[in-house]
Amino acid sequence: MFSKYVVHGGTPLRGNVTISGSKNAALPMMAAALLAKGPTVLRNVPDLSDVHLMAEILETLGCRVALFDEPGVVVIDVMDESPVVAPYELVSEMRASFCVLGPLLSRRGEAHVSQPGGCTLGERPVDLHVKGIAAIGSEVRFERGNVIAKGRPTGGRVYLGGAMGPSVTGTANVMCAAVMGSGVTIIDQAACEPEIANLAAMLNSMGAQISGGGTSRLVINGVKELHPTEIAIIPDRIECGTFIAAAGVARGDIVIERCDPDVLLAVFDKCAEMGIDVSRLDETTLRVKCDNRPRATDLVTLPYPGFPTDLQSPFMSVLCVADGFAIVEEKIYPERFMHVPEYRRLGADIRKQFATCIVSGVTRLQGAPAASTDLRAGAGLVLMGLAAEGETQVLKIQHIDRGYEIFHEKLAALGATIKRVEFVPARRAEDRRREAA
Ligand code: EPU
């Protein structure tokens, strides 16, 4: 059985939506629970397929994981600290599982983690993770498709900048690797993403000594022992940005609750240029109003605090219906434009060259079947459906399930006409021939 979203466009959004916890904070924080024996409690965890997969990986690494016995609560009880191997079958399903490397190495002195392959976003190497871990005194090598790291880090100086900026999960891995041990580690050009600051706060609450979490220089004094902790995951800024984009595409007047406006300044800047009115009602609540056709504006994705690559495809949906043309430049993942042919199926006018697209806004999109190519692109496609005439079917929504909690229910509560439909895929010609034979 497969699932798809069926969307009927044309209804402006109205009402309130609540933001879930951040996927990209939750996954490395779940992995970081490996750093202490006993039960670590994470609150405000989103119920997503990626979270379930990370739980499975942690179970192979000696943990008992209780998922959502209470809403938003995940308890990771580290019982057996002997396993050090994260197998290919699981790691190949989700790149973020590579985040177990640092915690395993730091706590257990050894880690064998399958090397992630490429994905629909492009090549996605792990050289910065490996370079960082080697720079703090561990032995690390590639062997038969695995990254094998041995020997507790002793500290050192690390420069984590790459051609595309710092690595987010690379910073998480090196920071987790460095927390237990004898020496001092200084990481320069560390990722400044709020998810890294959330992870640093978690590690400090376990007894680590990290200063500079959320800035480009992290200073880590290794400690002998860490203890389990209890901490809340920050709100998902990408989910919040996606709902802002939804109000831009479909028009309307919505209130977004339990978000963190302070981490979305680059998005607000673009909204102001596009004529999408975003106002803060209080510290965790936004109102987003869009009565008229948005204006086109250029977008460049950058590391935080720049405009996030994870919002490139949702905001490209806004540009597809905006007044004028815009240049969208992808500086993090030059190949993250797999959604462009799918958007075109609905009538979008997009020209692509290398890592840049020129989007000319159209006055009319027409519903059509189209497929999610990655999780953010899937969400963007749903947004396209909200503006399109007639019915849009969004296929391959398992991508969306990886990163958006009850996406269709949240949109439906805002008045969108969207439902999730289970279906048996049409038989292929080859199957029919085989059956007939
Ligand atoms: N890079 C290297 N070498 C490395 C690591 C990365 O060259 O060793 C390059 C990448 O190829 C890319 C850039 O550096 O061009 C940034 O990649 P980064 O390592 O920062 O990405 P990531 O840590 O693997 C996280 C998020 C992604 C998000 C990116 C960029 C998690 C679990 N994933 O990935 O989220 O797009 O940072 O902000 O935190 C998503 O949620 O849809 C998603 C893909």
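In this predicted model, Phe-68 sits in the loop that runs between strand 4 (63–67) and strand 5 (74–78). The backbone does something a little odd here: phi of Phe-68 is near 60°, a positive value in a residue other than glycine. Most residues other than glycine have a negative phi, and most peptide bonds are trans. As for the side of the fold it faces, Phe-68 has 18% relative accessibility, so it counts as buried. Arg-144 has a positive phi too, of about 45°, and is again not a glycine. Its place is the loop between strand 8 (139–143) and strand 9. With 81% relative accessibility, though, Arg-144 counts as exposed. A further backbone feature turns up in the loop between strand 20 (299–300) and helix 10 (312–320), which is where Pro-305 is found. The peptide bond leading from Tyr-304 into Pro-305 is cis, with omega near 10°.

Strand 9 (residues 146–150), which follows the Arg-144 loop, is joined to strand 7 by 5 bridges, and the two run antiparallel. Within that pairing, Ala-111 stands opposite Ala-149 of strand 9. Strand 7 also pairs with strand 6 (residues 85–86), this time in the parallel sense and over 2 bridges. Here Ala-86 has Val-113 of strand 7 as its bridge partner. How enclosed is strand 7 (residues 110–114) by the rest of the structure? Of its 5 residues, 4 are buried, so strand 7 is largely enclosed.

Helix 5 (residues 127–135) has its own set of buried residues, namely Leu-128, His-129, Val-130, Gly-132 and Ile-133. Residues three or four places apart in an α-helix point the same way, because there are 3.6 residues a turn. Just after helix 5 comes Gly-137, with a positive phi of about 100°. A little further along the chain, Glu-139 and Arg-141 meet through their side chains in a salt bridge, at 3.1 Å from N to O. Neither end is fully tucked away: Arg-141 counts as partly exposed at 30% relative accessibility, and Glu-139 counts as partly exposed at 46%.

Another sheet is open and built from 4 strands in the order 10-13-15-14, with mixed pairing. Its edges are strand 10 (156–159) and strand 14 (209–211), each of which pairs on one side only. From one strand to the next, the twist averages 15°. Strand 14 is joined to strand 15 (residues 217–221) by 3 bridges, and these two run antiparallel. Across that pairing, Ile-210 stands opposite Ile-220 of strand 15.

This sheet also carries a salt bridge between Asp-188 and Arg-217, whose closest N and O atoms are 2.8 Å apart. Asp-188 belongs to strand 13 (residues 184–188) and Arg-217 to strand 15, so the contact ties together parts that are 29 residues apart in sequence. The two ends differ in burial: Asp-188 counts as buried at 18% relative accessibility, whereas Arg-217 counts as partly exposed at 41%.

Across the whole structure, the search finds 21 salt bridges. One of them links Lys-410 with Glu-239, with the closest N and O atoms 2.7 Å apart. Lys-410 lies in helix 14 (residues 407–413) and Glu-239 in helix 8 (residues 237–250), so this pair ties together parts that are 171 residues apart in sequence. Both Lys-410 and Glu-239 are buried. Elsewhere, salt bridges that share partners bring Lys-23, Asp-50 and Arg-402 into one network.

Helix 8 comes up again at the second largest pocket, which has a volume of about 200 Å³. The lining has 14 residues, and those closest to the centre are Val-249, Arg-251, Val-321, Thr-363 and Ala-387. Which elements give two or more residues to this lining? They are helix 8 and helix 12 (375–387). By residue type, the lining of the second largest pocket divides into 8 nonpolar, 2 polar and 4 charged.

Definitions and conventions. Residues numbered from 1 in each chain as written. Predicted model: local features only at pLDDT ≥ 70, side-chain atom pairs only at ≥ 80, totals over all residues. Heavy atoms only, no water. Pairing = 2+ DSSP bridges. Axes fitted to C-alpha atoms, helices over the stretch in contact; angles between N-to-C directions. Buried < 20%, exposed > 50% of the residue type's maximum accessible area, 1.4 Å probe, protein only. Salt bridge = Lys/Arg side-chain N within 4 Å of Asp/Glu carboxyl O. 1 Å grid on protein atoms, 1.4 Å probe; cavity = no way out; pocket = protein on both sides within 12 Å on 5 of 7 lines; lining within 4 Å. Points joined across faces, edges and corners; volume = space filled by probe spheres on them. Nonpolar A, V, L, I, M, F, W, Y, C, P; charged D, E, K, R; others polar.
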